[in-house]
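This report walks through a two-chain structure. It takes one chain's sheets in turn, then the interface.

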Amino acid sequence: MKPVITFALMTLRNLLRRRTIWGICIVILIALFGIGQIPSYGVSNEGRFILDFGLFGLEIGALLLAIGLASNIYPRDREQKTVMPIIAVPLSRGQYLMGRFIGAAIVEAAAMIVGCIGLMVILLMNGHAVPADMFPATLLLLIEGWFLLAVVFFFSFWTSPPLNAPLTVLLFIVSQLSVSGFIKLFPQAPGLMRALRLLLPHMDVFHIKDPIAHGMNIPGLYFLLAIFYGLAYMAFMLSVALVVFRSRDLK
Amino acid sequence: MGDCPLQVKELEKSFKKKLGLSSFRAVDSISFQLYPGEILGFLGPNGAGKTTTIKCVLGLLKPSAGKVSLWGSHPAAPEVRRRIGYVPENPDYDDLFTPLEFMTMFSSMRRLDMSREQMFVILDRVGLSKWENVRIRSFSKGMKQRVSLALALQSKPELLIMDEPTGGLDPVARKEFRDIILEENQRGVSIFLSSHLLSEVETICDRAVILSEGKKVVEGRLEDLMRTEDHYRITYRVSDEQEELEIHAALLQKTIDDLRVKGYGIISVNPLYRSLEEVFLSATSGVGR
Amino acid sequence: MRLAAVILITAVLLLLACKADYDIEEVTPPEHTGTDHHDEHDECEHEHPEHVESSHEHETEAAEPASVHEESHEHDVLEMSGSHRHVHAAGEKNHGTGWFFNQPWAASFIWGKMLRDALILLVLSAVILFLSKYRRKRQ
């Protein structure tokens, strides 16, 4: 485990030294700040509005961060051949993948914490209470972000970064659709569409911003189940990514 | 063959061309081995398959056929990887880090308990003592080579695999690298050295394998490879003066007899040696696929 | 080739495992379209309590969004803060709000399926990793 942790910290430092991550975080905070300003233009229930759109913003932020963080890590390593001396001697491919993933996951977690605190500050500045469920809701969004990170890593082993981003966004969108909604995309082949949809993850599991914004209580058991589901899917994606990575030649 | 640091048997590696409809064979059924404590030169023109072979040896490429083993084990086995050091061709490390940071992280990844002082000693040995805290971004190719040598030496390897290690170095640095390689070899390290610099191979290697167009064309001890079978040099004495005569093997016995009849004392008869460059050129010309 | 086989087996297993899916509209048991729905109403904000009664009258139609939509359009359009918006009795499945309760958090009857799928995914991950390692060892 020590090699993986060391490599994860190396990845973390690398990502923090690249300025793009700071750019994405600043964009998230500006977006949250903007959401805090809109209610003053006359929309009622502004607390609900801020919370609802703020959590939505965090979700989109998690998606953008996952793409921004991970889509270029392996292709850059391969292009610049920095992966060779690492894989050749100190690390196995599995350790490389886990190290890179954990490093990116830490950055994603830190960004989500910053976003959550930003949302809290905006709520308080506008004179609204911060619902206790906001924290587990952010945790679920983080789990969703980690899952997306695993998806981006999976795509990065067999596609180029320009293709990785739209593929991930597409997966993110269709994974929100119900089976019937997915079939409507191509109603000519309902059986095929149903089969395809059932293979995709169910990201609506992570969506609790609406009930939270409406002041409803989410059972604790549901949070645990959703976290377990998200982590299991993440582990599955990473396993498939590792199998693909192991089958690749490093030319 | 568990004692043999490196054994390559009938190794083949093919790459698929675009659309996967046809393939290109980069390495074609080559076999050789590296014995404990020796320096094996791995030579060949550009595109001969040297780097592909090295990547197969390191487990970066999967052989299409044949077998590579390090001390009798699979190259990807963790117990094997701990025993090797690798100096890549054109090393490119994450340029946002410094050599010292790399040393620290690699030592941790390899589970080596190295103190900062020990790292400084290695950095000093490869000539990076003044650059330890400078980001690699500003380094020249030669300095990056020094970083990779430092990282390779860090674990006190039993086998050093070097792919064109002195490619981007100036003559002084090349000499320093050569000295380090020889020092390591004297410590008992087996060295697998791929190089274009024939003079370097001639100076430090015990044996050589020459590839051409993916095939092994020559393997042997350098002395045997460079010795010509058909020409000899006769050294003889003519009234207190020493003279030399180069002669074809077919005329050797007759010439010796003639010199004796004339009363000249024969001092020595030795086979003529070619340069490694001549060996290389004659081995790599005319190999078709 | 083996990788393709692993992916195919994975796909088939997932397909078999997820026959009953998360499309709540499809899999809601009859009892959940009745009384349980009522409980959810009680937890909601009651912006317009006078509408609760009318929503209860249509409880049994909750799984049929088209008919509910017609009802809501007749009753629930209000003007607020200079903007037009639908306001329904809390939790009423209606145009624009049906999806609100068609989410896993509100449908406890699918939580078991979430757990089942998570376990299947973990088992699949372990099988994939084992096969990949076994294959490498054989090489």
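## The three-stranded sheet of chain B

B:Q7 has B:S69 as its bridge partner in β4(B). The model is predicted. That residue pair belongs to a wider match: strand β1 of chain B, residues 6-16, pairs with β4(B) in the antiparallel sense, over four bridges.

The sheet around them is open. Its three strands run in the order β2-β1-β4 (chain B), and the pairing is antiparallel. β2 (23-34) and β4 (65-69) of chain B are the edge strands, each pairing on one side only. From one strand to the next, the twist averages 25°. α1(B) packs on this sheet and touches β1, β2 and β4 of chain B. The direction of α1(B) makes about 115° with that of β1(B).

## The six-stranded sheet of chain B

Chain B also has an open sheet of six strands. The order is β5-β6-β7-β3-β8-β9 (chain B), and the pairing is mixed. Which strands form the edges? They are β5 (84-87) and β9 (215-221) of chain B, and each pairs on one side only. Here the twist averages 15° from one strand to the next.

One parallel match in chain B joins strand β6 (residues 159-163) to strand β7 (residues 190-194), over five bridges. Within the sheet, B:D163 stands opposite B:S194 in β7(B). Two helices pack here. Helix α1 of chain B (residues 50-57) touches β3 (39-43), β5, β6, β7 and β8 (207-212) of chain B. Its direction makes about 150° with that of β6(B). Helix α6 of chain B (residues 171-186) touches β3, β6 and β7 of chain B. The direction of α6(B) makes about 150° with that of β7(B). So α1(B) packs on the six-stranded sheet and on the three-stranded one, taking strands as DSSP runs.

## A salt bridge between strands

A search of the whole structure gives 20 salt bridges over all chains. One of them joins the side chains of B:K215 and B:D28, at 4.0 Å from N to O. This pair links distant parts of the chain. B:K215 is in strand β9 of chain B and B:D28 is in strand β2 of chain B, with their positions 187 residues apart in the count. β9(B) is an edge strand of the six-stranded sheet, and β2(B) is an edge strand of the three-stranded one.

## Strands β10 to β12 of chain B

Strand β10 of chain B (residues 227-238) has two partners described here. It pairs with strand β12 of chain B (residues 265-273) in the antiparallel sense, over seven bridges. It also runs antiparallel to strand β11 of chain B (residues 241-248), joined by eight bridges. B:V238 has B:E241 as its bridge partner in β11(B). β10(B) and β11(B) form a hairpin with two residues between them. In the turn, B:S239 has a positive phi of about 35°.

B:P271 lies in strand β12 of chain B. B:Y232 stands opposite this proline. Beyond residues up to four places away in sequence, B:P271 touches B:R227, B:T228, B:H231 and B:Y232. How far is B:P271 from B:M226 in sequence and in space? They are 45 residues apart in sequence and 9.8 Å apart in space, C-alpha to C-alpha.

## The interface between chains A and B

Now the contact between the chains. In chain A, 29 residues are in contact with 27 residues of chain B. The buried area is about 2700 Å², and carbon and sulfur atoms give 58% of it. On the chain A side, A:M10, A:R17 and A:V89 lose the most area to chain B, together 24% of what that side buries.

Three salt bridges cross the interface. B:K13 forms a salt bridge with A:D249, with the closest N and O atoms 2.6 Å apart. Ten residue pairs are in polar contact between the chains, both residues being at pLDDT 80 or more. On the side of chain A that touches chain B, α1 (2-17), α5 (83-88) and α6 (93-125) of chain A each supply at least two residues. α1(A) gives the most, with eight residues. By type, this side of chain A divides into 13 nonpolar, six polar and ten charged residues.

Key
Residues numbered from 1 in each chain as written. Chains lettered and ligands numbered in written order. Predicted model: local features only at pLDDT ≥ 70, side-chain atom pairs only at ≥ 80, totals over all residues. Heavy atoms only, no water. Contact = heavy atoms within 4.5 Å. Buried area = accessible area lost by both parts, 1.4 Å probe. Polar contact = N/O pair within 3.5 Å; in protein donor to acceptor, adjacent residues only side chain to side chain. Nonpolar A, V, L, I, M, F, W, Y, C, P; charged D, E, K, R; others polar. Pairing = 2+ DSSP bridges. Axes fitted to C-alpha atoms, helices over the stretch in contact; angles between N-to-C directions.
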